[in-house]
Amino acid sequence: MKYAFRFLLIIFLFIHEINSQNINIVTGIVIDNYTNEYLFNVEISVVKTNIKAFTDKNGVFTIQNLPDSKNIIKISHKDYTTKRIPVNNKVIDLGIIRLTEKFEEVIDQSIINLNDDELIENEKGESNIIAGLLIASKDVFLKTVAYEFSPTFFKPRNLGSEYSTVLLNGVCMNKLYNGRPQWSNWGGLNDILRNQEYTSNVNPSNFDFSSIAGSTNISTRSSGYRKGIKVSYAASNRSYKGRVMASYSSGLLPKGWAYTISASRRFADEGFREGTLYSANSFFTSIEKQINNKHSLNFSAIYASNIRGKSSPNTQEVHDLKNNKYNAYWGEQNGNIRNSRLRKINEPILQLSHYWNINTKTLLQSNITYQFGKTGNTRLDYGGTNIITNSEGSQTLTGGGKNPDPTYYQKLPSYFLRYPDNPDYTNAYLAEQEFLKNGQVKWGDLYAANKNNKGNSIYALYEDRNDDKQLTINSILNLNINNNFKINSAVSFKKLRSENFANMLDLLGGDGYLDIDMYADNIKESQSDLQNPNRIVKDNERFKYNYLFDVSVINGFIQTQYQSKKVEAFAAINYSNTSYQRTGLFENGAYPENASLGKSEALNFNNFGFKTGLTYKLTGRHLFNANAAYLTKAPTLQNSFSNSRENNDIVIGLIDEKIISVDAGYYLRHPKINAKFTAYWINLKDQTDISFYFADGLTGIENSETTAFVQEVLTGINKQNLGVEIGVEIPIIQTIKLKGVAAISQSTFSNDPYLYLTSDDFTEPLNYGEVYLKNYFVSGGPQQAYSIGFEYNSQNYWWFGVTGNYFKNAYVNVAPILRTNNFYKDADGLPIHDYDEDIAKELLKQEKFKPYYLVNLVGGKSWKVKNYYFGFFANVSNILNTTYKTGGFEQSRNANYQTLLEDKSRTLPLFGPKYWYGYGTSFYTSIYFRF
């Protein structure tokens, strides 16, 4: 009866439309094949045109203005098997169309789960989050990158995540501080991340202009989730040991309401690395009200609290004494693991979205998004002091402790063997044995030292905190002009207030902490805040530094897309305005008055971009594609102020980054083979980078000093990335598929940028001029990666696969200070008298990591019993237990020829490069139940 009523309504609509104008119409009702329920938001499109429609809450769709020729109607939904129906150019009622639910959940979920588990972060805050950006892609090359290559820190086209965009319902979620998406803000909510639309590289997106590494839009619209309950459990030996997750979605209810809730918990006292605590709780809710056929409101809220223990990069000496699981950041306290370097993230997201179907061709979406919360990175401080006043009234500082890092160079065997002519083997042996037995943070000793000091704490645990409040307002317009043309446009406004400060967490048994810099030249310069001199800090109080960042961004783009049976083309332009300002809340003693206190100079950047692309379809099986883009990009907030924790100084000569990207490809779509070949060239110009370290061997400092803690500012950095991407899939038989992928690239510095140093140890910046980096390789994972494997998919819904991967051409990150004129100068500024150019070239040769193989196994099984679904998934990675380096960096401690030659001449260097290592053999397994 209900279907008859719907048919009468459709016939009435037909008569009305036919009488009103002479147009071609296709209509129908889409339902679930098993439950007979109407399916909402199923996409109905006409192949090789821009014509598109969606089913309403009663499963009904209508498509008008079909081309005057034979057409194919494509009926698709992410949870159902796609159907294609040929039609002519007349009015056609397709009647009831039944869609069968896909049985691919185990495969899709496995990719998402693994990426969430493997979002490793290094000390500079760089994650292999590229994996998380590619999970929505069906391209064999990108799937392989996400699933097989991501544990090695491989980056497609050697681009970091700051060149990609993650959107939540069309709202950009990349952090303004460093330009990167922070996956932890929605981590653990795997079920709600399923609704994604990925756009690769510079290809057109319906939501934003994006950048040259593509974009991923995550939809949390409640009516778009599959109705039902799902519960799952996962176990692993990687970042976390276990994860429990539950989700429920109501589907679209009769009165136009829909709601979805999800929650998860991930936990581990210790992951693959020693001492890496993991504790994460995530919650999600989405409520939608469809007011009528034109208007719908959706509210989404995400709460994802994450506490994670970091792991240390280690020198080769430390690794050889321990292993690739060793982590210097933790120690036992009262029999419990305690990590001194925790990363804590808690930044809830609230979003209200309005969807307005203005007419059948026009959709306007508007969002208001508010994100707030805090991020903290803990660390130990060992500079606690006391002020001693003598009989004459003058004051001096006493105190300060030894570096508690168990890998501090003076605690390792190499320190006692540093003089080749007079090695101290006895103490070297004792240091080795001590490190092997007790090579961790000694929390008990820190408490004892504070107690014995009988005053202020020498040691304390604090966190570098930033508390953000960010408001984003945007609108997105999608307009289908006719069968061939459509326009996408968007405008957004974003406002950020960021509080940045050091927060005292634990005085480790002491009574207070004197808030001064023990390394300063005098009492005045030692003050963190001259407004409150000699302040004694208690728990949960701000100290060291305290300042605000205010940021505003206005952004807009417009894009046109053309599609015909032979040609697809697009062109897009973008404009943005970005402003930054720092406000100091502490008056730093080394930078008094407005040098640190109050507002800095306001920074303002106007940027634009243009991109275009063309796809030519020689036949349905042979396609050729070319894309090009030119855009400018504002420097990140992170790289705009040379030392934002202490002063208002802006980077000297700060300018926009310029980006050029060109690629061309060939695609083969054949029943017996699918293949992709793409070549690309990318030019990145005028980048800026800031680093902090203690250096020995500097020139140009007052009083002939050669050591200082410095801020290294590198400007005018140019890089060139070029390479090819190849992906092949060959179905041998219906159930077996072979796949092969190759990423062959080269990423190098293409110029000699400029370097200067700032420090509170000298009054004016030290300008060291050009850094001779041209033709050095850019670090960041292997530049060549190859994969070959097969998948077996049984018609009984079980499957497994084996993949072999080969990686090569990964390089250590070089220290720029070693490639300046300072390298060959003595303390007096004159050339070093025994400088040997051939030896210098060998000293400065960039380290290339050894190539390596990784073999992975994966498999799963699904069952359906009536309306109940069960499944499991299992993966074993690196089954050969290969030890490999994922990255590393040269230490900048030895800043000139003499100090570096002396160190590298030793059997065990004191300041050799530090490395990160990949997982050994690891596993991930999950089970789920859905109904």
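# Notebook: loops, salt bridges and a charged patch

I started with S210, which sits in the loop between strand 10 (196-199) and strand 11 (215-218). A reminder to myself before going on: this is a predicted model.

**Entry 1: residues with positive phi**

I looked up the backbone of S210 and found a positive phi of about 60 degrees, although S210 is not a glycine. That caught my eye because most residues other than glycine have a negative phi. Is S210 buried or exposed? S210 has a relative accessible area of 10%, so I noted it as buried.

I then turned to N169, which also has a positive phi, about 55 degrees, without being a glycine. N169 is in the loop between strand 8 (165-168) and strand 9 (171-172). With a relative accessible area of 3%, N169 is buried.

**Entry 2: N203**

I stayed with the loop between strand 10 and strand 11, where N203 is found. N203 is partly exposed, its relative accessible area being 22%. I wrote this down as partly exposed because buried means under 20%.

What does N203 touch, once residues up to four places away in sequence are set aside? I found F570, K611 and N627. I also checked N203 against A213: the two are 10 residues apart in sequence, and their C-alpha atoms are 9.3 Å apart in space.

**Entry 3: salt bridges**

How many salt bridges does a search of the whole structure find? I got 27. As background, side chains of opposite charge can pair when their charged atoms come close. I followed three of the pairs by hand.

My first pick was R157 with D663, whose closest N and O atoms are 3.1 Å apart. This pair links distant parts of the chain, 506 residues apart: R157 is in the loop between helix 4 (140-149) and strand 8, while D663 is in strand 34 (residues 657-670). I checked the cover on both partners. R157 is buried at a relative accessible area of 3%, and D663 is buried at 5%. I also noted that R157, D663 and E725 are linked in a network of salt bridges.

My next pick was R180 with E162, where the closest N and O atoms are 3.5 Å apart. R180 lies in the loop between strand 9 and strand 10, and E162 in the loop between helix 4 and strand 8, so this salt bridge ties together parts that are 18 residues apart in sequence. The two partners fall in separate classes on my page: R180 is buried, with a relative accessible area of 11%, whereas E162 is partly exposed at 23%.

I ended with E890 and R819, which form a salt bridge with their closest N and O atoms 2.6 Å apart. Where do the two partners lie? E890 is in the loop between strand 44 (885-889) and helix 11, and R819 is in the loop between strand 41 and helix 10, so the pair ties together parts that are 71 residues apart in sequence. I have both E890 and R819 down as buried.

**Entry 4: S644**

I moved on to the loop between strand 33 (622-633) and strand 34, which is the place of S644. S644 is buried, with a relative accessible area of 12%. Leaving aside neighbours within four places in sequence, I found S644 in contact with Y547, F549 and R582. I also looked up N546: S644 and N546 are 98 residues apart in sequence, and 9.6 Å apart in space from C-alpha to C-alpha.

**Entry 5: L910**

L910 is in the loop between helix 11 (897-904) and strand 45 (914-917). L910 counts as buried because its relative accessibility is 10%, and buried means under 20%. Which residues does L910 touch, not counting those up to four places away in sequence? I listed Y409, S414, Y415, R418 and D903.

I checked K486 as well: L910 and K486 are 424 residues apart in sequence, with 62 Å between their C-alpha atoms.

**Entry 6: a charged patch**

I finished on the surface, where D834, D836, E837 and D838 gather in a patch of negative charge. I chose D836 for another look and placed it in the loop between strand 41 (798-808) and helix 10 (837-843). D836 is partly exposed, with a relative accessible area of 32%. That fits with its place in the patch because patches are made of residues with over 30% relative accessible area and no salt bridge.

Methods. Residues are numbered from 1 along each chain as its sequence is written. This is a predicted model: local features need pLDDT of at least 70, side-chain atom pairs count only at pLDDT 80 or more; totals for chains, interfaces and linings use all residues. Side-chain values use heavy atoms; hydrogens and water are left out. Patches are made of residues with over 30% relative accessible area and no salt bridge: like charges are joined within 9 Å, nonpolar side chains (Val, Leu, Ile, Met, Phe, Trp, Tyr) within 5 Å. Accessible areas come from the Shrake-Rupley method with a 1.4 Å probe; for residues, only the protein chains shown count as cover. A salt bridge is a side-chain nitrogen of Lys or Arg within 4 Å of a carboxyl oxygen of Asp or Glu. Lys and Arg count as positive and Asp and Glu as negative; His and the chain ends are not counted. The place of a charge is taken as NZ of Lys, CZ of Arg, CG of Asp or CD of Glu. Helices (H or I, at least four residues) and strands (E, at least two) are DSSP runs, numbered from the N terminus. Buried means under 20% relative accessible area, exposed over 50%, partly exposed in between (1.4 Å probe, protein chains only). Contact means heavy atoms within 4.5 Å.
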